Amino acid sequence: MAQIMNLNPSCVLCQGEFCVAYGVISALKKFGVKVVAACSERKSVERKVGDNVEKTSSFSFVQFREYE
């Protein structure tokens with residue numbers, strides 16, 4: 001946490017393993033730092049190839065969502 005706060009951030013992107021992220025988000029918010037997560041849209045396409053089905057997914061950034 002000290003490394004993050006030494007950078008004097010106005011906003012931090014925090015995502016990942018829930019228990020760790022929760023602790024980091026809570027601590028940052030106590031310091032008055034805005035914390036956000038990136039939101040994306042997934043588009044999937046399935047196609048039959050012989051006896052198999054191939055699924056291809058693409059993700060595109062939509063917005064940042066602030067933790068309340």
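# Close-up views of a predicted model

**Figure 1. The largest nonpolar core comprises seven residues: Val-12, Cys-14, Ala-21, Ile-25, Leu-28, Val-33 and Val-35.** The main contributor to this core is helix α2, which supplies three residues. The coordinates shown here and in the following views belong to a predicted model. In soluble globular proteins, nonpolar side chains tend to be buried together. Which residues does Leu-28 touch, not counting those up to four places away in sequence? Leu-28 touches Met-1, Ile-4, Met-5, Val-12, Val-33 and Val-35. Among these partners, Val-12, Val-33 and Val-35 are also listed as members of the core.

**Figure 2. Cys-11 in strand β1 and its surroundings.** The relative accessibility of Cys-11 is 37%, so the residue counts as partly exposed. Although Cys-11 and Val-33 are 22 residues apart along the chain, their C-alpha atoms are separated by 5.8 Å. With neighbours within four places in sequence left aside, the contacts of Cys-11 are Val-33, Lys-34 and Val-36. Val-33 thus appears in two settings: as a contact of Cys-11 and as a member of the largest nonpolar core.

**Figure 3. Leu-13 and a nonpolar surface patch formed with Phe-61 and Phe-64.** The patch made by these three residues covers about 340 Å². Leu-13 is located in strand β1, which spans residues 11-13. What is the separation of the C-alpha atoms of Leu-13 and Val-35? The value is 5.9 Å, for two residues that are 22 residues apart along the chain. Apart from neighbours within four places in sequence, Leu-13 is in contact with Val-36, Ala-37, Ala-38 and Phe-64. Phe-64 is therefore both a contact of Leu-13 and a member of the patch, where contact means heavy atoms within 4.5 Å.

**Figure 4. The aromatic pair of Phe-18 and Tyr-22.** The structure holds two aromatic pairs. In the pair of Phe-18 and Tyr-22, the ring centres lie 6.2 Å apart and the planes meet at 35°, so the arrangement is tilted. A pair of aromatic rings is described by the distance of the centres and the angle of the planes. Both Phe-18 and Tyr-22 belong to helix α2, residues 18-30. Their spacing of four residues is about one turn of the helix. Are Phe-18 and Tyr-22 buried or exposed? Each of the two, Phe-18 and Tyr-22, is exposed.

**Figure 5. The salt bridge between Arg-47 and Glu-54.** The side chains of these residues meet at 3.2 Å, N to O. The count for the structure is one salt bridge. Arg-47 has a relative accessible area of 51% and is therefore exposed. Glu-54, at 36% relative accessibility, counts as partly exposed.

**Figure 6. Lys-43 of strand β2 and Ser-58 of strand β3.** Strand β2 consists of residues 34-49, and strand β3 of residues 52-66. When neighbours within four places in sequence are left aside, Lys-43 is in contact with Thr-56, Ser-57 and Ser-58. Under the same condition, the contacts of Ser-58 are Glu-41, Arg-42 and Lys-43. The relative accessibility of Lys-43 is 52%, so Lys-43 counts as exposed. Ser-58 has a relative accessible area of 41% and is therefore partly exposed. Two C-alpha separations complete this view. Lys-43 and Glu-68, 25 residues apart in sequence, are 28 Å apart in space. Ser-58 and Glu-46, 12 residues apart in sequence, are 12 Å apart in space.

**Figure 7. The backbone at Asn-8, a residue with positive phi.** Asn-8 has a phi of about 50°, although it is not a glycine. Where does Asn-8 lie? Asn-8 is found in the loop between α1 (2-6) and β1. At 67% relative accessibility, Asn-8 counts as exposed.

How values were computed: Residues are numbered from 1 along each chain as its sequence is written. This is a predicted model: local features need pLDDT of at least 70, side-chain atom pairs count only at pLDDT 80 or more; totals for chains, interfaces and linings use all residues. Side-chain values use heavy atoms; hydrogens and water are left out. Patches are made of residues with over 30% relative accessible area and no salt bridge: like charges are joined within 9 Å, nonpolar side chains (Val, Leu, Ile, Met, Phe, Trp, Tyr) within 5 Å. Accessible areas come from the Shrake-Rupley method with a 1.4 Å probe; for residues, only the protein chains shown count as cover. A salt bridge is a side-chain nitrogen of Lys or Arg within 4 Å of a carboxyl oxygen of Asp or Glu. Helices (H or I, at least four residues) and strands (E, at least two) are DSSP runs, numbered from the N terminus. Buried means under 20% relative accessible area, exposed over 50%, partly exposed in between (1.4 Å probe, protein chains only). Rings of Phe, Tyr and Trp (its six-membered ring) pair if their centres lie within 6.5 Å; planes under 30 degrees apart count as stacked, over 60 as edge-to-face and the rest as tilted. A nonpolar core is a set of buried Ala, Val, Leu, Ile, Met, Phe, Trp, Tyr and Cys residues joined through side-chain atoms within 4.5 Å.
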